[in-house]
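Grab a pencil and open the model in your viewer. Try each exercise yourself before you read its solution.

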Amino acid sequence: MKNSKQIYKNLILFIIILVIGLGMIITGFLINYFERKNAEGSYSAAWYIYILEIGGAILFILSFGNLYYFLQNKYNIKKMNIKQMAVIAIFSALSVILYYFGKFSLPIFPSWLDVQFSDIPALLVSFMYGPISGSLIIIVRFFCKLPGTSTVAVGEFADLLIGLTLVIVAGLIYKKHRSFKGALSAMGIGMLMATFVATISNWLILIPAYKFIAGFPQAALTGVMDTIISQGNGVVTDDNFMLYYLFVGVIPFNLFRYALVFVVTLILYKRLQSLIIRFAGNFKDQELNYQE
């Protein structure tokens with residue numbers, strides 16, 4: 001009876017912490033939205049909005065620790081120890097830091113398309129502990145990005161879909177083929193799928209959000225692409241903007257971006273895996289070393 005009470009105590013704690021975390025996130029989002037809407041001129045989120053959003057994201061993730069223990073005790077799911085959870089938490093923080101401070105733009109692409117490496121920690125964890133663990137990092141990054149949103153979270157939601165596609169596809173493939181060739185296949189297919197989702201997202205979500213929610217004029221978007229393509233000679237028009245944007249901007253950009261991400265991930269993973277296993281153990285109970 002005591003064990004049963006303890007099991008359901010974890011479930012109750014999961015619900016309580018989840019509700020508090022989501023409440024903080026929603027509160028921060030609403031405050032940010034109305035302050036941005038009422039601001040005159042430039043706007044930057046206040047410090048307390050970041051605390052609400054990031055603190056809520058931390059509670060949101062912590063709540064799933066209680067859910068995990070409930071499911072693990074109720075249905076005998078394989079254990080994940082505290083050290084492994086710590087690795088996921090540390091890599092989540094690294095992903096957020098890389099997003100804010102490790103990105104840059106290139107003049108051959110539109111300025112709002114940033115090359116950034118915040119997917120690398122999620123890919124590393126996805127390879128080590130599986131795609132669900134990698135997905136948690138993408139979700140944490142999503143919540144921590146909300147205070148800086150300029151599209152009422154539409155752009156962040158699209159980025160969430162792209163990131164989840166990347167780590168889930170790559171993680172599932174590598175889970176079945178734990179070898180160097182398997183890693184290359186996982187990353188290659190993950191890159192193509194993430195690029196496909198990014199293309200659809202920019203076409204149906206991001207550009208409409210920039211125009212109709214953020215109030216970015218079509219003429220300005222067209223002007224940016226025309227400057228890149230023809231030095232402002234009018235080759236890109238409002239009518240053919242989307243064609244040029246997707247096939248000259250979005251697709252090449254994402255292929256280039258993910259090629260960099262995958263090269264760095266391969267280099268880091270081969271060097272970090274033994275250290276991670278020594279610190280946190282092998283969650284999959286399988287050999288993680290690359291097999292040539």
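The exercises below go from the overall fold to a set of charged side chains and then to a surface patch; keep in mind that this is a predicted model.

**Exercise 1. Work out how many helices and strands the protein has, and in what pattern they follow along the sequence.**

Solution.
- Start with the count: the secondary structure comes to nine helices and two strands.
- Now read along the sequence, and you get α-α-α-β-β-α-α-α-α-α-α.
- Next, look at the cover: buried residues account for 45% of the 292 residues.
- Then check how the contacts span the chain. Of those between residues at least 6 apart in sequence, 70% join residues at least 24 apart.
- Finish with the outside: the accessible surface is about 14900 Å², and 69% of that belongs to carbon and sulfur atoms.

**Exercise 2. Decide how many residues of helix α4 are buried, and find what follows the helix.**

Solution.
- Helix α4 covers residues 119-129.
- Go through them with the cut-off in hand: buried means under 20% relative accessible area.
- The tally is 11 of 11 residues buried. Among them are Asp-119, Pro-121, Ser-126 and Tyr-129.
- Step past the end of α4 and you meet Gly-130, whose phi is positive, near 105°.

**Exercise 3. Find the salt bridges in the whole structure and work out which residues they join into one network.**

Solution.
- A search of the whole structure turns up three salt bridges.
- Take Asp-119 and Arg-141 to begin with: their side chains meet at 2.7 Å, N to O. Asp-119 sits in helix α4 and Arg-141 in helix α5 (residues 131-145), so this pair ties together parts that are 22 residues apart in sequence.
- Asp-119 also forms a salt bridge with Arg-257, at 3.0 Å, N to O. Here the link is between distant parts of the chain, since Arg-257 belongs to helix α9 (residues 241-280), 138 residues from Asp-119.
- Now Asp-159: its side chain meets that of Arg-141 at 3.3 Å, N to O. Asp-159 is in helix α6 (residues 154-176) and Arg-141 is in α5, so the parts tied together are 18 residues apart in sequence.
- Put the shared partners together, and Asp-119, Arg-141, Asp-159 and Arg-257 form one network of salt bridges.

**Exercise 4. Are the four network residues buried or exposed? Use their relative accessibility to decide.**

Solution.
- The cut-off for buried is under 20% relative accessible area.
- Asp-119 has 1%, so it is buried.
- Arg-141 has 2%, so it counts as buried too.
- Arg-257 has 5%, so that one is buried as well.
- Asp-159 has 13%, and therefore also counts as buried.

**Exercise 5. Find which residues make the nonpolar surface patch of about 420 Å², then place Phe-34 in its helix and class its exposure.**

Solution.
- The patch is made by Leu-22, Ile-26, Leu-30, Tyr-33 and Phe-34.
- Phe-34 lies in helix α1, which spans residues 2-38.
- A helix fact is handy here: an α-helix has 3.6 residues a turn, so residues three or four places apart point the same way.
- For the exposure class, remember that partly exposed falls between the 20% and 50% cut-offs. Phe-34 is at 44% relative accessibility, so it counts as partly exposed.

Technical notes. Residues numbered from 1 in each chain as written. Predicted model: local features only at pLDDT ≥ 70, side-chain atom pairs only at ≥ 80, totals over all residues. Heavy atoms only, no water. Buried < 20%, exposed > 50% of the residue type's maximum accessible area, 1.4 Å probe, protein only. Helix = DSSP H or I, 4+ residues; strand = E, 2+ residues; numbered from the N terminus. Salt bridge = Lys/Arg side-chain N within 4 Å of Asp/Glu carboxyl O. Contact = heavy atoms within 4.5 Å. Areas by Shrake-Rupley, 256 points an atom, 1.4 Å probe, with all protein chains shown as cover. Patch = residues over 30% accessible without salt bridge, like charges linked within 9 Å, V, L, I, M, F, W, Y side chains within 5 Å.
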